[in-house]
Number of protein chains: 2
Amino acid sequence: MTRRQVILSAAVLCVADIGKAAMTPVKAILFDTFGTVVDWRGSIAAEGAQWGKAKGIQLDWAHFADRWRDGYAPAMNKVRNGALPWTKLDTLHRMILDELLGEFRIVGLSEEEKDHWNRVWHRLKPWPDSVAGLTRLKKKYTIAPLSNGNVSLLTDMGKFAGLPWDLILSAELARHYKPARECYLTAVDLLGLKPAEVMMAAAHRTDLDAARSFGLKTGFIHRPSEFGGVKPGDVAKTGEYDVVAADILDLASKMSA
Amino acid sequence: MTRRQVILSAAVLCVADIGKAAMTPVKAILFDTFGTVVDWRGSIAAEGAQWGKAKGIQLDWAHFADRWRDGYAPAMNKVRNGALPWTKLDTLHRMILDELLGEFRIVGLSEEEKDHWNRVWHRLKPWPDSVAGLTRLKKKYTIAPLSNGNVSLLTDMGKFAGLPWDLILSAELARHYKPARECYLTAVDLLGLKPAEVMMAAAHRTDLDAARSFGLKTGFIHRPSEFGGVKPGDVAKTGEYDVVAADILDLASKMSA
């Protein structure tokens with residue numbers, strides 16, 4: 001066999017592998033949650049406005065929500081780089097909240113009030129298509145969140161928002177935040193499936209690019225109003241991921257569910 | 001303070017602690033599954049009879065189910081005592097099945113057939129009260145299995161039997177089989193609750209005695225026909241556990257759900 005033949009054989013094998021993975025039927029779909037399934041910004045702004053009214057606190061609650069979310073990646077980075085040991089997202093949210101209360105000069109809250117307000121992330125509202133889309137998908141696929149939210153946060157969110165999950169999967173079960181390899185592959189292992197049998201669905205390209213690099217299939221879901229117009233949501237063209245959908249109902253249609 | 005006063009104070013504190021735990025409201029109920037929520041023996045016997053008819057294999061399928069279950073504790077013991085590393089229950093079931101096929105002189109099965117038959121544990125039928133009882137309990141409590149079955153087994157079982165779990169908890173998430181401390185306390189930690197806020201519900205005293213020793217509340221569920229009359233199921237009297245119920249609907253009533 002010449003060197004060229006070896007290279008060609010390797011290329012054919014590689015294409016065959018890709019073809020096999022592409023044909024492997026999807027059995028489970030995992031969903032990013034914050035922004036993809038639930039409207040964190042709108043939910044926090046609405047509950048903040050209501051709570052602020054009762055407490056006599058006037059401020060721009062959507063901006064408060066944005067500032068809270070601004071602290072999200074830096075807080076997880078402290079865990080990623082080892083400055084903090086594994087820490088649940090509830091605890092990271094609370095660390096950020098404690099700083100924000102200073103920034104927004106909100107004083108005099110009891111520990112109980114702070115804890116309740118921190119758990120607003122357990123009470124986020126779904127996008128209008130989420131429950132109906134997931135309900136359709138559940139008939140054909142195993143569906144679960146795969147979020148950086150901790151298990152109890154996602155469980156409470158599921159009950160609050162009526163999300164019909166089959167099970168709760170979370171970064172917490174791998175003790176590694178997305179987009180770490182361990183997070184995706186722990187979920188795949190717990191499902192007893194191969195990576196190509198699992199689709200990651202998200203409104204964020206970094207999440208899908210990571211999932212794809214570990215062998216999962218990918219479903220992009222457009223959520224143009226995730227950031228309320230303050231900054232644009234990610235966009236994707238047909239063909240950039242295995243499925244590119246307008247919302248979760250559209251994903252259900254495109255997945256024949 | 002005299003020595004007697006110190007002892008009395010300690011006793012009062014201890015009673016106060018017990019009183020506090022007793023008064024702590026339950027927020028989540030975890031269920032043993034095999035025998036407690038689903039009828040493993042009847043389900044395996046029924047599917048075996050049907051499959052045996054198609055394959056021309058005649059044998060006592062209830063006895064086959066009993067022999068499979070006989071291998072359950074010894075197989076987990078190999079993991080408990082370190083003879084095997086952590087091994088999913090699906091794999092242990094398969095190890096036992098491979099021995100049983102020899103014992104029952106069943107030959108000529110393809111790998112696919114063996115794998116399908118091994119997954120009969122994913123297709124167990126609920127007791128008649130299970131779905132209705134869990135549906136009532138779900139409105140008031142977070143409900144999950146806490147079983148030695150692996151996550152994918154319990155997920156498939158939930159979908160197959162229509163069990164309305166909020167999340168799937170499993171020995172697999174702790175990599176320790178019940179009745180190990182880690183199994184119960186990992187579940188409590190993932191729920192973000194205190195042990196006294198969580199009730200273990202089971203038809204087996206060893207499971208409940210372990211859960212209680214780690215601070216969980218306990219709910220006994222009578223399943224007199226788990227073993228089909230070959231041996232009696234466990235029994236318990238009122239007062240032996242926090243709740244003693246005739247079935248899951250009765251548990252729902254006694255938990256005001």
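**Helix packing, domains and chain contact in a predicted model**

In this predicted model, α2(A) and α3(A) are oblique to each other, because their angle of about 125° falls outside the ranges that count as roughly parallel, roughly antiparallel or roughly perpendicular. Helix α2 of chain A covers residues 40-55, and helix α3 of chain A covers residues 61-70. Their axes lie 8 Å apart. The crossing of α2(A) past α3(A) is right-handed.

Both helices supply a set of residues to this packing. From α2(A) come W40(A), R41(A), I44(A), A45(A), G48(A), A49(A) and G52(A). They meet W61(A), A62(A), F64(A), A65(A), D66(A), W68(A) and R69(A) of α3(A). By class, this contact holds nine nonpolar, two polar and three charged residues.

Chain A is divided into two domains. Domain 1 comprises 24-39 + 124-254, and domain 2 comprises 40-122. Taken over C-alpha atoms, the centres of domain 1 of chain A and domain 2 of chain A are 23 Å apart. Domain 1 of chain A brings 20 residues to the contact, and domain 2 of chain A brings 15 residues. On the domain 1 side, helix α8 (residues 151-161) of chain A gives the most, with four residues. That side of domain 1 of chain A has nine nonpolar, five polar and six charged residues.

Helix α8 of chain A also takes part in the contact between chains. Here 15 residues of chain A touch 15 residues of chain B. On the chain A side, α8 and α9 (171-174) each supply at least two residues. The most come from α8(A), which gives five residues. By class, the chain A side comprises six nonpolar, five polar and four charged residues.

In chain B, an open sheet is built from six strands. Their order is β3-β2-β1-β4-β5-β6, and the pairing is parallel. The edges are taken by β3 (169-170) and β6 (243-245) of chain B. Each has a single partner strand, so one side of each is left without a neighbour in the sheet. For β3(B), two bridges join it in the parallel sense to strand β2 (residues 142-147) of chain B. S147(B) stands opposite S170(B) in β3(B). Helix α11 (residues 205-213) of chain B packs on the sheet. There α11 of chain B touches β4 (198-202) and β5 (217-221) of chain B. The direction of α11 of chain B makes about 165° with that of β4(B).

Note on methods: Residues are numbered from 1 along each chain as its sequence is written. Chains are lettered from A and ligands numbered from 1 in the order in which they are written. This is a predicted model: local features need pLDDT of at least 70, side-chain atom pairs count only at pLDDT 80 or more; totals for chains, interfaces and linings use all residues. Domain bounds come from an automatic or database domain assignment. Two residues are in contact if their C-beta atoms, placed from the backbone, lie within 7 Å. Ala, Val, Leu, Ile, Met, Phe, Trp, Tyr, Cys and Pro count as nonpolar, Asp, Glu, Lys and Arg as charged, and the others, Gly among them, as polar. Axes are lines fitted to C-alpha atoms, for helices over the stretch in contact, and angles run from 0 to 180 degrees between N-to-C directions. Angles under 35 degrees count as roughly parallel, over 145 as roughly antiparallel, 65 to 115 as roughly perpendicular and the rest as oblique. A crossing is left-handed if the near helix is turned anticlockwise from the far one by less than a right angle, and right-handed if clockwise. Two strands pair if DSSP finds at least two bridges between them.
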